[in-house]
Structures are given as C-alpha cells and as structure tokens.
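Colleague: Please take a close look at one buried acidic side chain and its charged partner, and then follow the description outward into the surrounding architecture. I should be grateful for a single connected account.

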Amino acid sequence: MSVPNEETTAVDASAPEFLLDQHVKYIQALDTKKNDLEYWLTEHLRVNGLYWGATALHILGHPDALDQEQIVEYLVKCQHDNGGFGGHIDHDPHILSTLSAVQILITYDRLDAIQVDKVVDYIASLQNEDGSFSGDSWGETDTRFIFCAINCLSLLKKLDDKRLDLQKTIDYVVRCRNFDGGFGSSPGGESHAAQVYVCVGTLTILGALHHVDADQLGWWLSERQLKNGGLNGRPEKLEDVCYSWWVLSSLSMLNRTHWIDAPKLIRFILEAQDTETGGIADRPGNMPDVFHTVFGIAGLSLLGYPGLVAVDPVYCMPRHVIQRIGLIEKH
C-alpha cells in the first residue's frame, strides 16, 4: 500500500490547485489517441512512455489506473533474444527502453514474466573498455547509458556480475566532472543538469558519491532556478518542468534540496498544468505531454507536496517499491 510523503512543504495558498484526478484521466487516455500524428511519431518511445505514465500514476496514488496484465504482456513482446528491450514491438533493443521495461516490471512485481539473466547478459555486453556503456550495439556512448546500465543492474541485484568492471565505470564518470562541479555527457562535455543527475545517481548507487564536491555542485544546481521559480538545465536557457526532477533529485542525493525556493518551484509546476485535459507541459501555456507530466509530479513529490506518494530520488520509482526490493538502505 502506497503511503504519502511524511515531510510536506508549505504550499502558497494562492498557487493553482493540483489537478490530480485530471492527471489520472490524461494518462489513461494516452493510448486512445491513435488518430493523432504524434502517437505514431513517438512509437519508438512507447516503452519509455509506459514507464512515465505508470510511475506518475503510482506517485498519484492510483497504481491500478492502467491494465497491468496488458502492459506486462506487451513488454514481454518487446524483449529480444539478446535480452534487451526495444522501444516498441519489433524495434531494436536499447539500454533506455530496457531500463524502462525493468522499472515497470519491478514496480508491478512481475519480473517473473521476463528472462532476467538475458537482460543482464545484454547490459554486460554493452560495457566498453574505458568503463562507459554503449546505448546499443551501434556503440553510441553517453553518461545517460552508464546510469541506465548501473540503475538496471542494481534493481536486478546483479551489480556483482564478474563481467563488469565497476571501478572503471566510476573512474569514467569522475572524468566527466567539470571545473564548475557539474557533469557532461562525456569527458570534456558541457555541464548539464540531466547529465548531473545520471552521474550523481551512478556514483550514489556504486557508493562513490565522495568523488563529488557537494557544496560546489549544489551551488551550480541551485543557480538553475530562475525568477519565476522554474529550473533550467544550464546557464542562459529557459526554465522547463522536467528539470524539477533532474535538478531536485540531484540536490536530494546531495542533501541540499533546501538550497532552492521550494514554494516558487511548486507554483511554477502547478501553473504548467493543463486545466482542460490534465497533464503538465514544459512551461505554462504549452501543450502537456506524459514526459513532463511524470517529472513535474515526481518533482512535487520530492518537494513534499501534500498527498503524493514518496518517490526515490535515485531510481525515480515509488520509494515503497525500492524499499520492497531491499535497496532503500543503499543510499
């Protein structure tokens, strides 16, 4: 049974109402929009979209709002013989969709439906000599893919696989750290809040967070808040609701969420809600989508917004799920 966050943040009485019921209906309706061009243009993100929607519903306290058996059957069809999952049926396997599939199945407690050992084989095959991970068999590297691999192996309790060299992975991530305390997509890459999340998350899971200067990075992250309360991903960029997750989760892992103005950020997220259809947009006045909906809701949960189920800042899954599988004491 999901439980709301124990610690709550005071909400500005003049802030917009949180449209919980409308957000549930918005997510439930996503798979019925097959006449929309956007539905087909995002086919390659179908598994990721299911993770975003299912996770949002769990944080909203409505875990049964989607047909779980139907989702599990669909995910089984997305797994390839090499163990990886494609973004949709008959799509090539990729580490991004593989992680999303595993996250959904663990949330639903249905790992029994897939071939877990093959998932581990697939991920192990993606580690490179320098400790990084490729996203798929084509060899593209990015710190996002490292986090997806380590996150997935951690969830599956397979970080002790002898084929892995985790010290090389730690060393590679540390090389992606910049003079400003932030992290990029590769060594020398520009600091970006999303890359900070995946690097800090990786180091947290691997017990190597001591490599991070928490004050310096915390300062860089808190500087992402703009006057309207929203957060951006890097200097001189527009605010975006999704950074309510990338920035806040990183600050949470560093124990510095109090370094931003929480009431102002809450107001910004609430103002980005679509009052007609439900869902949350990247910023107020734009069209909602499930990506910004889940990360807006997850951000509100991290801020202790009343009535929401607690989310884990490392795994971006309901905290009670991470507790159920025994990982809550790891970080």
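Modeller: Asp312 is buried, and its relative accessible area is 0%. This applies to a predicted model. The carboxylate of Asp312 is paired with Arg319 in a salt bridge, at an N to O distance of 3.0 Å. The two partners are unlike in their exposure: Asp312 has a relative accessible area of 0% and counts as buried, whereas Arg319, at 32%, is partly exposed. Elsewhere, salt bridges with shared partners connect Glu69, Arg110 and Asp112 in one network.

The pair formed by Asp312 and Arg319 belongs to a set of 13 salt bridges in the structure. Another member of the set joins the side chains of Arg110 and Glu69, with 2.7 Å from N to O. Arg110 is placed in the loop between helix H5 (95-107) and helix H6 (116-125), and Glu69 in helix H4 (residues 68-78), so this salt bridge ties together parts that are 41 residues apart in sequence. Glu69 has a relative accessible area of 43% and is therefore partly exposed.

A third salt bridge links Arg283 with Asp282, at 3.3 Å from N to O. Here both partners lie below the 20% cut-off for burial: Arg283 has a relative accessible area of 19%, and Asp282 one of 17%.

Residues close in number to Asp312 appear again in the surroundings of Leu155. This leucine belongs to helix H7 and counts as buried, at 3% relative accessibility. With neighbours within four places in sequence left aside, the contacts of Leu155 include Tyr315, Met317, Ile322, Ile325 and Leu327. Leu99, Val102, Gln103 and Ile106 are also in contact with Leu155. Leu126 is 29 residues away from Leu155 along the chain, and 17 Å separate the two C-alpha atoms.

Helix H7 also has a part in covering helix H6. The buried residues of H6 are Val116, Val119, Val120, Tyr122, Ile123 and Ala124, and H5 and H7 are among the elements that cover them.

Beyond H7, the loop that runs from helix H7 (143-155) to H8 contains Lys157. The phi angle of Lys157 is positive, near 60 degrees, although this residue is not glycine. Lys157 is partly exposed, at 47% relative accessibility. A comparable backbone feature is found at Glu236, whose phi is positive and near 70 degrees, again in a residue other than glycine. Glu236 is located in the loop between helix H10 (214-222) and H11, and at 79% relative accessibility it counts as exposed.

The geometry of a packed helix pair deserves attention next. Two packed helices are described by the angle between their axes and by the distance between those axes. For helix H8 (residues 166-175) and helix H9 (residues 193-205), the angle is about 145 degrees and the axes are 10 Å apart. The crossing of H8 and H9 is left-handed. H8 contributes Thr169, Ile170 and Val173 to the contact, and H9 contributes Cys199, Thr202 and Leu203.

Helix H13 (residues 290-302) completes the account. Its 13 residues span 18 Å between the first and last C-alpha, close to the 18 Å expected at 1.5 Å a residue. Most of H13 is covered, with eleven of its 13 residues buried. Among these buried residues are Val290, Val294, Phe295, Ile297, Ala298 and Leu300. Polar side chains are represented in the buried set as well, including those of His292, Thr293 and Ser301. The packing partners of the buried residues of H13 are helix H1 (20-28), helix H3 (46-59), helix H11 (243-253) and helix H12 (262-271). At the start of H13, a side-chain oxygen of Asp289 comes to within 3.1 Å of the backbone nitrogen of Phe291. After H13 comes Gly304, which has a positive phi near 80 degrees.

Key: Residues numbered from 1 in each chain as written. Heavy atoms only, no water. Salt bridge = Lys/Arg side-chain N within 4 Å of Asp/Glu carboxyl O. Helix = DSSP H or I, 4+ residues; strand = E, 2+ residues; numbered from the N terminus. Buried < 20%, exposed > 50% of the residue type's maximum accessible area, 1.4 Å probe, protein only. Expected span 1.5 Å × (residues − 1). Contact = heavy atoms within 4.5 Å. Polar contact = N/O pair within 3.5 Å; in protein donor to acceptor, adjacent residues only side chain to side chain. Axes fitted to C-alpha atoms, helices over the stretch in contact; angles between N-to-C directions. Left-handed = near helix turned anticlockwise from the far one by under 90°.
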